[in-house]
Amino acid sequence: MIPGTASTRGRKPGSPVAGYFSPAFRAKQLALRITKGGYRMADGELEKRCPACEEWWPADTEFFFSLRNGADLHSYCKACYSVVRHPERYANEVRA
Ligand SMILES: [Zn+2]
């Protein structure tokens, strides 16, 4: 994340980090996502697994792009999204 680029639009009251937020999933929707394995609760924080790097990241807009006007998150984390979207920028990097 480049400092100063985070938008504060769409911030919800009580959001722990200015400019970032988690989608407000309904309980049923969230339970289904956790059952499917894309999400988990860790230390009271909702985390989401990126299928590309297979890492768990906090399920908020600091790590994932938002979809549908903030109602959902992109499946890839921001780092993987840019690799998929702009592979030429990473052509010289070897990914483990
Ligand atoms: Zn990733």
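Q: Which element of the chain has the lowest mean pLDDT, and which has the highest?
A: This is a predicted model, and among the elements of its chain helix α2, residues 78–85, has the lowest mean pLDDT, at 90, while β3 has the highest, at 97. For the chain as a whole the mean pLDDT is 81, and 77% of the residues reach 70 or more.

Q: Where does pLDDT stay under 50, and how should one read such a stretch?
A: Where pLDDT is low, the predicted coordinates should not be read in detail. In this chain pLDDT stays under 50 over residues 1–8, a stretch for which the model has 7 contacts beyond four places in sequence.

Q: How many helices and strands does the chain have, and in what order do they run?
A: The chain has 2 helices and 5 strands, and, read from the N terminus on, these elements follow the order α-β-β-β-β-β-α.

Q: How do the strands of the open sheet pair, and in which order do they stand?
A: Strands of a sheet pair through backbone hydrogen bonds, and the pairing can be either parallel or antiparallel. Here 3 strands form an open sheet in the order β1-β2-β3, and their pairing is antiparallel. Strands β1 and β3 (56–58) stand at the edges with a single partner strand each, so one side of each is left without a neighbour in the sheet. From one strand to the next, the twist averages 40°.

Q: How many bridges join β1 to β2, and which residues stand opposite each other?
A: Strand β1, residues 39–42, is joined to strand β2, residues 45–49, by 4 bridges, and within this pair R40 stands opposite E47. On the side of β3, where β2 and β3 pair over 3 bridges, E47 stands opposite P58. The hairpin of β1 and β2 has 2 residues between the strands, and D43 in the turn has a positive phi of about 55°.

Q: What joins β4 to β5, and which residue of their hairpin takes a positive phi?
A: Strand β4, residues 64–67, and strand β5, residues 72–77, run antiparallel and are joined by 3 bridges, with C77 in β5 as the bridge partner of F64. This hairpin has 4 residues between its strands, and R68 takes a positive phi near 50°.

Q: Which residues make up the largest nonpolar core, and what does C77 touch?
A: The largest nonpolar core has 7 residues in all, namely C50, A59, F63, F64, L73, C77 and C80. Leaving aside neighbours within four places in sequence, C77 is in contact with C50, C53, W57, F63 and F64. Of the 96 residues of the chain, 14% count as buried.

Q: How well is helix α1 covered, and why does R33 count as partly exposed?
A: A residue counts as buried when 20 or more other C-beta atoms lie within 10 Å of its own, and as exposed when there are 12 or fewer. R33, which is found in helix α1, residues 27–36, has 17 other C-beta atoms within 10 Å and is therefore partly exposed. Helix α1 is hardly covered, since the count of buried residues among its 10 residues is 0.

Q: What does R33 touch, and which residue follows α1?
A: Not counting residues up to four places away in sequence, R33 touches G38 and Y39, while R33 and K48, which are 15 residues apart in sequence, are 9.4 Å apart in space from C-alpha to C-alpha. Helix α1 is followed by G37, whose phi is positive, near 100°.

Notes: Residues are numbered from 1 along each chain as its sequence is written. This is a predicted model: local features need pLDDT of at least 70, side-chain atom pairs count only at pLDDT 80 or more; totals for chains, interfaces and linings use all residues. Two strands pair if DSSP finds at least two bridges between them. Two residues are in contact if their C-beta atoms, placed from the backbone, lie within 7 Å. Axes are lines fitted to C-alpha atoms, for helices over the stretch in contact, and angles run from 0 to 180 degrees between N-to-C directions. A nonpolar core is a set of buried Ala, Val, Leu, Ile, Met, Phe, Trp, Tyr and Cys residues joined through C-beta atoms within 7 Å. pLDDT is the predictor's confidence in each residue, from 0 to 100.
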